[in-house]
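Here is a short report on one protein model. Look over the chain, then read on.

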Amino acid sequence: MSLNFIQIILIVLVAFLAGMDGILDEFQFHQPLVSCTLIGLVTGNLTAGIILGGSLQMIALGWANIGAAVAPDAALAAVASTIILVLGGQGASTESIGAAIAAAIPLAVAGLFLTMIVRTLAVPIVHMMDAAAEEGNYRKIEALHIGAILLQGLRIAIPAAILCFVPAHTVQSVLESMPAWLSNGMAIGGGMVVAVGYALVLNMMASREVWPFFIIGFVVAAISQLTLIALGGLGIALALIYLKLEKTGGSRGGGNYGDPLDDILNDY
């Protein structure tokens, strides 16, 4: 399938918004379900975009920035894989959706390189903002801030524009030619950074109030038979239990330490 000029402009616009919202996290344009659906809409492949976005959204649920760890780039994966799906011209067939999902995973990892480049470029911008703050030039600070956000939009918009003019099979072959030592090394390094990120978060949040919930979550995560609905129900139940303890814990024994679990434990 070939794209006309208007469709390419709209795709680049969606990609630009997805790139910015990956940092702003305001309107959720970077989420696969949103960006894939929008690109499918502007290209006349709405059904295929929704199916692909829903499939990628389930995968992206586990992609989150934890501490110092940067998650795979869901925005680039969603935008680029949808463009590849549209250019393939096979619609919402099982084969085409599967191929787009297979392309999305390495694209998400490759997006980390673009993220590192943009964040490196942002370092001197931060120093320029510091200098402007010392001068009291707030207008310059705002302009630099907006410029840094625009760089994040270009991080996704430029690859999206290039993909619109590159055959889909060419992109797929380039991704498949990525050497094993590079992809495996990035996976191992990413796993180590995620572990460090979790440790940093736990170090900040660790308290007698939080540890029981952490242990419960750690144990429940090993039960593969639980569905998302079951996990959601368990979370609601724990929240209701905590709210009940918060109301009654401090009134028992007059402890009122600000931690309902501590109040109850101190009564004994």
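Ile-223 sits in the loop between helix H9 (211-220) and helix H10 (228-248). Helices here are DSSP runs (H or I, at least four residues), numbered from the N terminus. Ile-223 is partly exposed, at 39% relative accessible area. Buried means under 20%, exposed over 50%, and partly exposed in between (1.4 Å probe, protein chains only).

Ile-223 also helps make a nonpolar surface patch of about 550 Å², together with Met-58, Leu-61, Leu-226, Leu-228 and Leu-231. Such a patch joins nonpolar side chains (Val, Leu, Ile, Met, Phe, Trp, Tyr) within 5 Å, from residues with over 30% relative accessible area and no salt bridge. A salt bridge puts a Lys or Arg side-chain nitrogen within 4 Å of an Asp or Glu carboxyl oxygen. Areas come from the Shrake-Rupley method with a 1.4 Å probe.

This is a predicted model: local features need pLDDT of at least 70, side-chain atom pairs count only at pLDDT 80 or more, and totals for chains, interfaces and linings use all residues. Residues are numbered from 1 along each chain as its sequence is written, and side-chain values use heavy atoms, leaving out hydrogens and water.

How confident is the predictor? pLDDT gives its confidence in each residue, from 0 to 100. The protein averages 79, and 77% of the residues score at least 70. Two helices mark the extremes among its elements.

| Element | Residues | Mean pLDDT |
|---|---|---|
| helix H2 (highest) | 32-42 | 93 |
| helix H11 (lowest) | 260-266 | 56 |

Where pLDDT is low, the predicted coordinates should not be read in detail.

Terms used. Patch = residues over 30% accessible without salt bridge, like charges linked within 9 Å, V, L, I, M, F, W, Y side chains within 5 Å. pLDDT = per-residue confidence, 0-100.
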